[in-house]
Amino acid sequence: MRLIIATKNKNKVKEIRQILKGLNLRIVSLYDLDRKFRIVENGRTFKDNAVKKALVVSKVYKNDLVMGEDSGLVVECLGGEPGVYSKRYAGRNANDYKNNLKVLKKLEGLSKNKRRAYFFCFLALSLGGKIEEIFEGRMDGLIHCEICGDNGFGYDPIFYLPSYKKTVAQLHLSLKNRISHRSKAFRKLKKFLEQKCLEKCEGFRER
Ligand code: IMP
């Protein structure tokens, strides 16, 4: 059976494949299946977007498990920004670098205790056009005062982890994948699939 990850973000897919290693499912992404498949992300919350991604894809690929994932950065002193706008925070021509600069600029001069932030990941698992289960994960840290490190993607170069004295972009991917918001959510999913859902999927297929 296949598990379709409803994203075309190759960095996310790379992380997800590593986290789900060992699961008896063939993992494919929208990037592998149909690069033109478009999902409009217009939800007000990570949950809205994750559910939408899962359902839109699951209604087309009815015999596959589908995972909708939405994640982003939440900065406390910015009232939760960039939040669901994480990918396009710097506007129409946003990229990771411009997004990072925008956050750094908004926090310029602020002391450590005002720089608290977290990454959040929301997952929605669906089958046959219906949501089966939802999972979430969070990683807390601080917004650094400059861009540091080359690994990872998105806001990793400005997301500082005091316990490692490094930004996430200075960590090896295998370490990021042990502690990240996404790995926490996906490990819950993995456990769920191992314990319950595979049986259910077999049942579904026989119907
Ligand atoms: P989307 O879920 O593809 O809409 O976009 C999520 C956006 O949040 C990404 O483009 C990144 O900017 C940011 N983001 C999500 N997860 C991470 C992460 O693990 N590291 C850094 N940035 C992330």
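Student: What makes a residue one of the 16 around the ligand, and which come nearest?

Tutor: A residue is near a molecule if one of its heavy atoms lies within 4 Å of it, and of the 16 residues around the ligand, Lys 12, Glu 41, Asp 156, Lys 176 and Arg 182 come nearest. This is a predicted model, in which local features need pLDDT of at least 70 and side-chain atom pairs count only at pLDDT 80 or more, while totals for chains, interfaces and linings use all residues. Residues are numbered from 1 along each chain as its sequence is written, and side-chain values use heavy atoms, with hydrogens and water left out.

Student: Why is the pair formed by Arg 182 and a nitrogen atom of the ligand called a polar contact?

Tutor: A polar contact is a pair of N or O atoms within 3.5 Å. A polar side-chain atom of Arg 182 lies 2.6 Å from a nitrogen atom of the ligand, so this pair meets the cut-off. Lys 176 has a polar side-chain atom 2.9 Å from an oxygen atom of the ligand, and for Asp 70 the distance to a ligand oxygen atom is 3.1 Å, so these pairs also qualify.

Student: How do you know how much of the ligand the protein buries?

Tutor: Accessible areas come from the Shrake-Rupley method with a 1.4 Å probe; taken alone the ligand exposes 490 Å², and the protein buries 97% of that.

Student: What makes a residue of the shell around the ligand count as nonpolar, polar or charged?

Tutor: Asp, Glu, Lys and Arg count as charged, Ala, Val, Leu, Ile, Met, Phe, Trp, Tyr, Cys and Pro as nonpolar, and the others, Gly among them, as polar. On that basis the shell has 8 charged, 5 polar and 3 nonpolar residues.

Student: How do you know which space the ligand takes?

Tutor: A molecule sits in a pocket if more than half of its atoms lie within 2 Å of the grid points of that pocket, and the space taken by the ligand is the largest pocket. About 920 Å³ of space lies in this pocket, where a volume is the space filled by probe spheres set on the points.

Student: What makes the peptide bond between Glu 81 and Pro 82 stand out?

Tutor: Most peptide bonds are trans. The bond that joins Glu 81 and Pro 82, however, is cis, with omega about -5 degrees.

Student: What makes the phi of Lys 165 worth a remark?

Tutor: Most residues other than glycine have a negative phi. Lys 165 is not a glycine, yet has a positive phi of about 55 degrees.

Notes. Polar contact = N/O pair within 3.5 Å; in protein donor to acceptor, adjacent residues only side chain to side chain. 1 Å grid on protein atoms, 1.4 Å probe; cavity = no way out; pocket = protein on both sides within 12 Å on 5 of 7 lines; lining within 4 Å.
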